[in-house]
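Biologist: I'd like to learn how to read a model like this one. Could you take me through it, one feature after another?

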Amino acid sequence: MGKGGGCVPSRKKLPIVATEDRPSATQNPPAAIEDKSTEIASSVGDGTVSSASQLKIFIVFYSMYGHVECLAKRIKKGVDGIDGVEGVLYRVPETLPSDLLEQMKAPPKDDNIPVISAAQLTEADAILFGFPTRYGCMTAQMKAFFDSTGQLWKEQALAGKPAGFFVSTGTQGGGQETTAWTAITQLTHHGMIFVPIGYTFGAGMFKMDSIRGGSPYGAGVFAGDGTREPSETELALAEHQGKYMAAIVKRFHH
(Lines give C-alpha, C1' and ligand atoms only; values in the text may rest on other atoms or scores of the structure.)
Protein backbone atom coordinates (compact mmCIF):
# COMPACT_ATOMS: atom_id res chain seq x y z
CA MET A 1 0.00 0.00 0.00
CA GLY A 2 1.47 3.35 -0.95
CA LYS A 3 1.29 6.26 1.40
CA GLY A 4 3.51 8.95 2.74
CA GLY A 5 3.63 12.58 3.73
CA GLY A 6 5.47 15.71 2.78
CA CYS A 7 7.34 16.79 -0.29
CA VAL A 8 10.83 17.82 0.73
CA PRO A 9 13.71 16.09 -1.09
CA SER A 10 16.63 14.79 0.93
CA ARG A 11 19.31 17.37 1.61
CA LYS A 12 21.92 14.78 0.80
CA LYS A 13 21.70 14.72 -2.98
CA LEU A 14 22.67 11.51 -4.66
CA PRO A 15 24.57 11.44 -7.95
CA ILE A 16 22.15 10.92 -10.80
CA VAL A 17 24.53 9.49 -13.40
CA ALA A 18 27.88 8.15 -12.29
CA THR A 19 29.62 6.04 -14.91
CA GLU A 20 32.17 4.72 -12.44
CA ASP A 21 29.36 2.97 -10.56
CA ARG A 22 28.12 0.96 -13.52
CA PRO A 23 27.75 -2.77 -12.88
CA SER A 24 30.69 -4.75 -14.22
CA ALA A 25 28.33 -6.86 -16.33
CA THR A 26 27.01 -3.76 -18.09
CA GLN A 27 29.69 -2.37 -20.36
CA ASN A 28 27.52 0.06 -22.30
CA PRO A 29 24.36 1.09 -20.42
CA PRO A 30 21.85 3.33 -22.23
CA ALA A 31 22.63 7.01 -22.66
CA ALA A 32 22.12 9.31 -19.68
CA ILE A 33 19.30 11.83 -19.45
CA GLU A 34 21.12 14.68 -21.17
CA ASP A 35 22.30 12.59 -24.12
CA LYS A 36 18.96 10.91 -24.76
CA SER A 37 16.90 14.09 -24.45
CA THR A 38 19.18 15.89 -26.90
CA GLU A 39 19.05 13.00 -29.32
CA ILE A 40 15.26 12.86 -29.36
CA ALA A 41 14.80 16.62 -29.50
CA SER A 42 17.18 16.89 -32.44
CA SER A 43 14.98 14.55 -34.45
CA VAL A 44 12.18 17.13 -34.49
CA GLY A 45 14.08 19.81 -36.35
CA ASP A 46 15.22 22.96 -34.60
CA GLY A 47 12.99 22.23 -31.59
CA THR A 48 11.04 25.48 -31.95
CA VAL A 49 7.28 25.51 -31.46
CA SER A 50 5.31 28.74 -31.77
CA SER A 51 3.36 29.94 -28.75
CA ALA A 52 0.15 29.50 -30.74
CA SER A 53 0.91 25.79 -31.11
CA GLN A 54 2.27 25.19 -27.60
CA LEU A 55 1.96 21.49 -26.85
CA LYS A 56 0.40 20.49 -23.55
CA ILE A 57 1.14 17.44 -21.44
CA PHE A 58 -1.42 16.91 -18.71
CA ILE A 59 0.03 15.49 -15.48
CA VAL A 60 -3.04 13.92 -13.91
CA PHE A 61 -2.56 12.40 -10.48
CA TYR A 62 -3.98 11.27 -7.18
CA SER A 63 -1.90 11.77 -4.05
CA MET A 64 -3.20 11.13 -0.55
CA TYR A 65 -0.07 11.88 1.49
CA GLY A 66 2.08 13.90 -0.92
CA HIS A 67 4.56 11.50 -2.50
CA VAL A 68 2.89 11.27 -5.90
CA GLU A 69 2.41 15.02 -5.88
CA CYS A 70 6.16 15.45 -5.39
CA LEU A 71 6.83 13.38 -8.49
CA ALA A 72 4.14 15.23 -10.44
CA LYS A 73 5.67 18.63 -9.73
CA ARG A 74 9.14 17.41 -10.70
CA ILE A 75 7.74 15.86 -13.89
CA LYS A 76 6.24 19.24 -14.76
CA LYS A 77 9.68 20.80 -14.33
CA GLY A 78 11.04 18.31 -16.83
CA VAL A 79 8.25 18.93 -19.33
CA ASP A 80 8.61 22.70 -19.05
CA GLY A 81 12.33 22.34 -19.73
CA ILE A 82 11.61 21.34 -23.33
CA ASP A 83 10.93 24.32 -25.60
CA GLY A 84 7.40 24.47 -26.95
CA VAL A 85 5.89 22.05 -24.43
CA GLU A 86 4.02 22.89 -21.24
CA GLY A 87 3.17 20.61 -18.33
CA VAL A 88 -0.23 21.16 -16.69
CA LEU A 89 -0.96 19.70 -13.24
CA TYR A 90 -4.39 18.27 -12.42
CA ARG A 91 -5.83 16.24 -9.57
CA VAL A 92 -8.49 13.58 -10.00
CA PRO A 93 -11.57 13.94 -7.78
CA GLU A 94 -11.34 12.65 -4.23
CA THR A 95 -13.82 9.87 -3.44
CA LEU A 96 -13.35 9.67 0.33
CA PRO A 97 -15.29 11.94 2.73
CA SER A 98 -13.34 14.67 4.47
CA ASP A 99 -13.91 13.25 7.96
CA LEU A 100 -12.38 9.94 6.94
CA LEU A 101 -9.40 11.69 5.35
CA GLU A 102 -8.92 13.57 8.60
CA GLN A 103 -8.89 10.31 10.55
CA MET A 104 -6.31 8.97 8.10
CA LYS A 105 -4.21 12.08 8.81
CA ALA A 106 -4.11 12.99 5.13
CA PRO A 107 -2.81 16.55 4.61
CA PRO A 108 -5.04 19.10 2.86
CA LYS A 109 -4.92 19.26 -0.93
CA ASP A 110 -3.12 22.08 -2.74
CA ASP A 111 -5.88 24.42 -3.91
CA ASN A 112 -3.59 25.73 -6.66
CA ILE A 113 -3.90 22.41 -8.49
CA PRO A 114 -7.37 22.12 -10.06
CA VAL A 115 -9.50 19.00 -10.19
CA ILE A 116 -9.91 17.64 -13.71
CA SER A 117 -13.00 16.26 -15.42
CA ALA A 118 -12.84 13.39 -17.88
CA ALA A 119 -13.89 15.60 -20.81
CA GLN A 120 -10.82 17.81 -20.34
CA LEU A 121 -8.49 14.96 -21.28
CA THR A 122 -9.22 15.60 -24.95
CA GLU A 123 -7.42 18.96 -24.67
CA ALA A 124 -4.08 17.30 -23.91
CA ASP A 125 -1.46 16.33 -26.46
CA ALA A 126 -0.23 13.64 -24.05
CA ILE A 127 -1.02 12.56 -20.50
CA LEU A 128 1.05 11.26 -17.60
CA PHE A 129 -1.03 9.59 -14.90
CA GLY A 130 0.29 9.26 -11.34
CA PHE A 131 -1.13 7.28 -8.43
CA PRO A 132 -0.25 5.25 -5.33
CA THR A 133 -0.65 1.49 -5.32
CA ARG A 134 -3.31 -0.57 -3.63
CA TYR A 135 -2.28 -4.22 -3.62
CA GLY A 136 -0.34 -3.91 -6.86
CA CYS A 137 -2.95 -1.88 -8.75
CA MET A 138 -3.91 1.78 -9.02
CA THR A 139 -5.71 3.41 -6.12
CA ALA A 140 -9.51 3.49 -6.15
CA GLN A 141 -9.66 7.25 -6.73
CA MET A 142 -7.74 6.94 -10.01
CA LYS A 143 -9.77 3.89 -11.07
CA ALA A 144 -12.97 5.85 -10.41
CA PHE A 145 -11.65 8.61 -12.66
CA PHE A 146 -10.87 6.16 -15.46
CA ASP A 147 -14.34 4.68 -14.99
CA SER A 148 -15.76 8.14 -15.65
CA THR A 149 -14.23 8.25 -19.14
CA GLY A 150 -16.87 5.98 -20.67
CA GLN A 151 -18.11 8.55 -23.16
CA LEU A 152 -14.56 9.24 -24.33
CA TRP A 153 -14.08 5.49 -24.78
CA LYS A 154 -17.32 5.24 -26.78
CA GLU A 155 -16.08 8.00 -29.10
CA GLN A 156 -12.45 6.82 -28.97
CA ALA A 157 -11.65 10.46 -28.32
CA LEU A 158 -8.32 9.64 -26.68
CA ALA A 159 -7.11 7.18 -29.33
CA GLY A 160 -3.56 7.87 -30.44
CA LYS A 161 -2.63 10.09 -27.48
CA PRO A 162 0.72 9.20 -25.84
CA ALA A 163 0.41 8.36 -22.15
CA GLY A 164 2.53 7.09 -19.29
CA PHE A 165 2.52 6.37 -15.57
CA PHE A 166 4.36 7.21 -12.35
CA VAL A 167 3.65 5.58 -9.01
CA SER A 168 4.22 5.41 -5.26
CA THR A 169 4.46 2.26 -3.17
CA GLY A 170 5.04 1.61 0.51
CA THR A 171 7.68 -1.08 0.09
CA GLN A 172 10.33 -2.18 -2.39
CA GLY A 173 8.27 -5.19 -3.43
CA GLY A 174 4.97 -3.35 -3.19
CA GLY A 175 4.13 -2.88 -6.86
CA GLN A 176 6.44 -0.39 -8.59
CA GLU A 177 6.07 -2.40 -11.81
CA THR A 178 2.75 -4.20 -11.36
CA THR A 179 0.90 -0.97 -10.56
CA ALA A 180 1.90 0.47 -13.93
CA TRP A 181 1.57 -2.87 -15.68
CA THR A 182 -2.03 -3.43 -14.57
CA ALA A 183 -2.91 0.17 -15.49
CA ILE A 184 -1.96 -0.37 -19.14
CA THR A 185 -5.37 -1.96 -19.72
CA GLN A 186 -6.98 1.47 -19.27
CA LEU A 187 -4.86 2.90 -22.08
CA THR A 188 -5.44 -0.12 -24.30
CA HIS A 189 -9.21 0.22 -24.27
CA HIS A 190 -8.91 3.90 -25.12
CA GLY A 191 -6.46 3.20 -27.95
CA MET A 192 -3.80 5.34 -26.29
CA ILE A 193 -0.08 4.84 -26.85
CA PHE A 194 1.84 3.72 -23.77
CA VAL A 195 5.23 5.46 -23.52
CA PRO A 196 7.55 3.82 -20.95
CA ILE A 197 10.88 5.39 -20.10
CA GLY A 198 12.78 2.13 -20.56
CA TYR A 199 16.39 2.60 -19.48
CA THR A 200 16.77 6.07 -20.98
CA PHE A 201 17.79 7.46 -17.59
CA GLY A 202 21.18 5.92 -18.27
CA ALA A 203 23.50 4.66 -15.55
CA GLY A 204 21.14 6.03 -12.89
CA MET A 205 18.87 3.06 -13.59
CA PHE A 206 21.65 0.63 -12.67
CA LYS A 207 22.83 2.10 -9.38
CA MET A 208 22.51 -0.24 -6.42
CA ASP A 209 24.03 1.81 -3.61
CA SER A 210 20.76 3.34 -2.41
CA ILE A 211 17.03 2.66 -2.30
CA ARG A 212 15.36 4.03 -5.42
CA GLY A 213 11.82 3.81 -6.70
CA GLY A 214 11.01 3.84 -10.38
CA SER A 215 11.28 1.25 -13.15
CA PRO A 216 11.36 1.04 -16.95
CA TYR A 217 7.60 1.65 -16.78
CA GLY A 218 7.99 5.10 -15.24
CA ALA A 219 9.11 7.15 -12.26
CA GLY A 220 8.33 5.94 -8.76
CA VAL A 221 8.90 6.62 -5.10
CA PHE A 222 9.03 4.43 -1.99
CA ALA A 223 6.91 5.97 0.75
CA GLY A 224 7.74 3.51 3.52
CA ASP A 225 5.59 4.14 6.59
CA GLY A 226 4.92 7.65 5.36
CA THR A 227 7.93 9.34 6.91
CA ARG A 228 10.35 8.68 4.05
CA GLU A 229 10.76 11.61 1.69
CA PRO A 230 11.45 11.14 -2.03
CA SER A 231 15.17 10.98 -2.71
CA GLU A 232 16.86 13.29 -5.17
CA THR A 233 17.45 10.29 -7.44
CA GLU A 234 13.73 9.49 -7.50
CA LEU A 235 12.89 13.12 -8.22
CA ALA A 236 15.53 13.31 -10.95
CA LEU A 237 14.05 10.24 -12.60
CA ALA A 238 10.64 11.95 -12.51
CA GLU A 239 12.11 15.05 -14.13
CA HIS A 240 13.67 12.86 -16.78
CA GLN A 241 10.31 11.25 -17.50
CA GLY A 242 8.84 14.70 -18.08
CA LYS A 243 11.63 15.64 -20.48
CA TYR A 244 11.45 12.33 -22.26
CA MET A 245 7.69 12.47 -22.80
CA ALA A 246 7.92 16.08 -23.97
CA ALA A 247 10.54 15.15 -26.55
CA ILE A 248 8.42 12.21 -27.74
CA VAL A 249 5.35 14.43 -28.09
CA LYS A 250 7.32 16.94 -30.16
CA ARG A 251 8.38 14.11 -32.44
CA PHE A 252 4.74 13.06 -32.85
CA HIS A 253 3.73 16.60 -33.82
CA HIS A 254 6.64 17.35 -36.12
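Biologist: Let's start with charged side chains. Which residues are linked in a network of salt bridges?

Modeller: The general idea comes first: side chains of opposite charge can pair when their charged atoms come close. In this predicted model, Glu69, Lys73, Arg91 and Asp110 are linked in such a network. Take one pair from it: the side chains of Lys73 and Asp110 meet with 3.6 Å from N to O. Lys73 belongs to helix H2 (residues 67-80), while Asp110 sits in the loop between helix H3 (98-103) and strand S3 (126-134), so this salt bridge ties together parts that are 37 residues apart in sequence.

Biologist: Are those two buried or exposed, or something in between?

Modeller: In between. Lys73 has a relative accessibility of 36% and counts as partly exposed, and Asp110, at 23%, is partly exposed too.

Biologist: How many salt bridges does a search of the whole structure find?

Modeller: The search finds 10. Among them is the one between Glu86 and Lys56, where the closest N and O atoms are 2.7 Å apart. Glu86 is in strand S2 (residues 85-91) and Lys56 in strand S1 (residues 55-61), so here the pair ties together parts 30 residues apart in sequence. Glu86 is partly exposed at 28% relative accessible area, and Lys56 is partly exposed at 30%.

Biologist: And what about a salt bridge inside a helix?

Modeller: Look at Asp147 and Lys143, whose closest N and O atoms are 2.6 Å apart. They are four residues apart in helix H4 (residues 140-147), which puts about one helical turn between them. Lys143 is partly exposed, at 32% relative accessibility.

Biologist: While we're on H4, how do I tell which side of a helix faces inward?

Modeller: Think about the geometry: an α-helix has 3.6 residues a turn, so residues three or four places apart point the same way. Now check the case here. The buried residues of H4 are Gln141, Met142, Phe145 and Phe146. They cover an arc of only 140° around the axis, so they lie on the same side of H4. On the face turned away from that buried side you'll find the exposed residues Ala140 and Asp147.

Biologist: What covers the buried residues of H4?

Modeller: The cover includes S1, S3, strand S4 (137-138) and helix H6 (178-190). H6 also holds Thr179, a buried residue with a relative accessible area of 0%. The side chain of Thr179 makes a polar contact of 2.8 Å with that of Thr133. Beyond its neighbours within four places in sequence, Thr179 is in contact with Phe131, Pro132, Thr133, Gly136, Cys137, Met138 and Val167.

Biologist: Now the nonpolar residues. How should I read a core?

Modeller: The rule of thumb is that, in soluble globular proteins, nonpolar side chains tend to be buried together. In this chain the largest nonpolar core has 33 residues, and Ile57, Phe61, Ile75, Val85, Phe166 and Met245 touch the most other members. S1, H2, S2, S3 and helix H7 (232-252) each give two or more residues to this core. The largest share, nine residues, comes from H7.

Biologist: What does Phe61 touch, not counting residues up to four places away in sequence?

Modeller: Its partners include Val68, Leu89, Ile113, Met142 and Phe166. There is also a second, separate core of 30 residues, which includes Val88, Phe131, Met138 and Ala163.

Biologist: Where is Gly220 placed, and is it buried or exposed?

Modeller: Gly220 is in strand S7 (residues 220-222), and it is buried, with a relative accessible area of 0%. From C-alpha to C-alpha, Gly220 is 8.1 Å from Leu237, with their positions 17 residues apart in sequence. Leaving out residues up to four places away, Gly220 touches Leu71, Val167, Gln176, Gly213, Gly214 and Glu234.

Biologist: Can we step back to the whole chain?

Modeller: Sure. The chain has seven helices and seven strands, and from the N terminus on they run α-β-α-β-α-β-β-α-α-β-α-β-β-α. Of its 254 residues, 51% count as buried. Among contacts between residues at least 6 apart in sequence, 80% join residues at least 24 apart. As for the surface, the chain exposes about 11,600 Å², and carbon and sulfur atoms supply 54% of that.

Definitions and conventions: Residues are numbered from 1 along each chain as its sequence is written. This is a predicted model: local features need pLDDT of at least 70, side-chain atom pairs count only at pLDDT 80 or more; totals for chains, interfaces and linings use all residues. Side-chain values use heavy atoms; hydrogens and water are left out. A salt bridge is a side-chain nitrogen of Lys or Arg within 4 Å of a carboxyl oxygen of Asp or Glu. Buried means under 20% relative accessible area, exposed over 50%, partly exposed in between (1.4 Å probe, protein chains only). Contact means heavy atoms within 4.5 Å. Accessible areas come from the Shrake-Rupley method with a 1.4 Å probe; for residues, only the protein chains shown count as cover. The arc is that of the directions from the helix axis to the C-beta atoms. A polar contact is a pair of N or O atoms within 3.5 Å; within protein, one must be able to donate a hydrogen and the other to accept it, and residues adjacent in sequence count only if both atoms are side-chain atoms. A nonpolar core is a set of buried Ala, Val, Leu, Ile, Met, Phe, Trp, Tyr and Cys residues joined through side-chain atoms within 4.5 Å.
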